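Subject: Structure handover

Hi,

Here is the structure I promised to pass on to you. Please have it open while you read, as my notes follow below it.

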Amino acid sequence: LGCRSIPNRLRISISYLPVNTHISHNNNNKKKMKTAAAFAALVGTAAAFAPASQSAVQTSLSATGFEEVGGQPWDPLGLATLEDAADTFPNMFPRTQFLQEAEIKHGRMAMLAWTGVWATTPTGLGLGMHFPGAPVEPDWTKALGVWASEDPSGFAAILAIIAIAEGESVGHTGDNWRNMSTKDEPGNLGFDPWGLKSRLSAEEQARYKIVELKNGRAAMIAMASLFAWKSLPGSVPIMDVLAP
């Protein structure tokens, strides 16, 4: 309901409500005015609670993963545009498909690495977890070397698992270095044995993609900070507090 739906006669009656010098004071006119005023109040109330008209076409805002920097990729060095030099240096620089896949993959590895360091570190805020029978080394920067020397077969098994996973990833991705991959989306390896993706709506899938991307970036920064802290004591002051 709106003002346009009010009849012309009612508009005239309402417009003259405050003016009582030109209105007869007989009982009939008073009754008419009271009726018109009451009806006008009802119309106004209904208009206030009437739902706003909605367009048939609804637009959806899709997240980009760069909301913190205005929704556009933050690339001050122009590294993502190196592929523009393909005419001068053919196949020398990676294309967009490779860069997107690499960011997601390295983000996942960094999240696993950070979780591993946090779970096995016995000091500070670390959980001090340990697999029974595995070599003991409190310093995570030396743990891999100790495992390789004390348990060569277990170390070889770890390398084999990593090699198989990497081979499957590269084979599934295809030639994304030259943007010739037929893969439908970056990071999707088709590995979902529990069918978790099928339980999510399209909106939820889009949201979790951005969540994974941002947490992967944070984990890569965190791991770089850990390596800097171990290599240059005092370079990450907060770590001296969290993990003395």
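To start with one residue: Trp118 is found in helix α3. Please keep in mind that this is a predicted model. With a relative accessible area of 42%, Trp118 is partly exposed, because that class covers values between the 20% limit for buried and the 50% limit for exposed.

Trp118 also belongs to a nonpolar patch on the surface, together with Trp114, Leu125, Leu127, Met129, Ile238, Val241 and Leu242. The accessible area of these residues together is about 820 Å². Two helices, α3 (96–120) and α7 (237–242), each supply at least two residues of the patch. The largest share is that of α7, with three residues.

Next, the aromatic side chains. The count of aromatic pairs comes to two. One of them joins Phe98 and Trp177 edge-to-face, at 4.8 Å centre to centre and with 70 degrees between the planes. This pair links distant parts of the chain, 79 residues apart: Phe98 lies in helix α3, and Trp177 in the loop between α5 (152–173) and α6 (202–231). Phe98 counts as partly exposed at 29% relative accessibility, and Trp177 is likewise partly exposed at 29%.

Trp140 and Phe227 form an aromatic pair too, again edge-to-face, with 5.3 Å centre to centre and 70 degrees between the planes. Here helix α4 (residues 140–150) provides Trp140 and helix α6 provides Phe227, 87 residues apart. Trp140 has a relative accessible area of 17% and is therefore buried, whereas Phe227 is partly exposed at 45%. You may also like to look at Arg207, whose charged end sits over the ring of Tyr208, 5.2 Å from its centre.

Now to the charges. Side chains of opposite charge can pair when their charged atoms come close. How many salt bridges does the structure hold? There are six salt bridges, and I will go through some of them.

Glu103 forms a salt bridge with Arg217, and their closest N and O atoms are 2.7 Å apart. The two residues are 114 residues apart in the chain, with Glu103 in helix α3 and Arg217 in helix α6. Glu103 is partly exposed at 27% relative accessibility, while Arg217 is buried at 17%.

Another bridge between these helices joins Glu212 to Arg108, with the closest N and O atoms 2.6 Å apart. Glu212 is in helix α6 and Arg108 in helix α3, 104 residues apart. Glu212 is partly exposed, with a relative accessible area of 29%, and Arg108 is partly exposed with 29% as well.

The loop between α5 and α6 has a salt bridge of its own. Glu185 pairs with Lys197, the closest N and O atoms being 2.7 Å apart, and both residues are in that loop, twelve residues apart. Glu185 is buried at 13% relative accessible area, and Lys197 is partly exposed at 33%. A network of salt bridges links Glu185, Lys197 and Lys209.

One last residue in that loop is Asp184. Is Asp184 buried or exposed? Its relative accessible area is 64%, so Asp184 is exposed. The C-alpha atoms of Asp184 and Thr173 are separated by 9.5 Å, and the two residues are eleven residues apart along the chain.

Enjoy looking around, and write back whenever you like.

Best wishes

Methods. Residues numbered from 1 in each chain as written. Predicted model: local features only at pLDDT ≥ 70, side-chain atom pairs only at ≥ 80, totals over all residues. Heavy atoms only, no water. Patch = residues over 30% accessible without salt bridge, like charges linked within 9 Å, V, L, I, M, F, W, Y side chains within 5 Å. Areas by Shrake-Rupley, 256 points an atom, 1.4 Å probe, with all protein chains shown as cover. Salt bridge = Lys/Arg side-chain N within 4 Å of Asp/Glu carboxyl O. Helix = DSSP H or I, 4+ residues; strand = E, 2+ residues; numbered from the N terminus. Buried < 20%, exposed > 50% of the residue type's maximum accessible area, 1.4 Å probe, protein only. Phe/Tyr/Trp six-rings, centres within 6.5 Å; stacked < 30°, edge-to-face > 60°. Lys NZ or Arg CZ within 6 Å of the ring centre and 35° of its normal.
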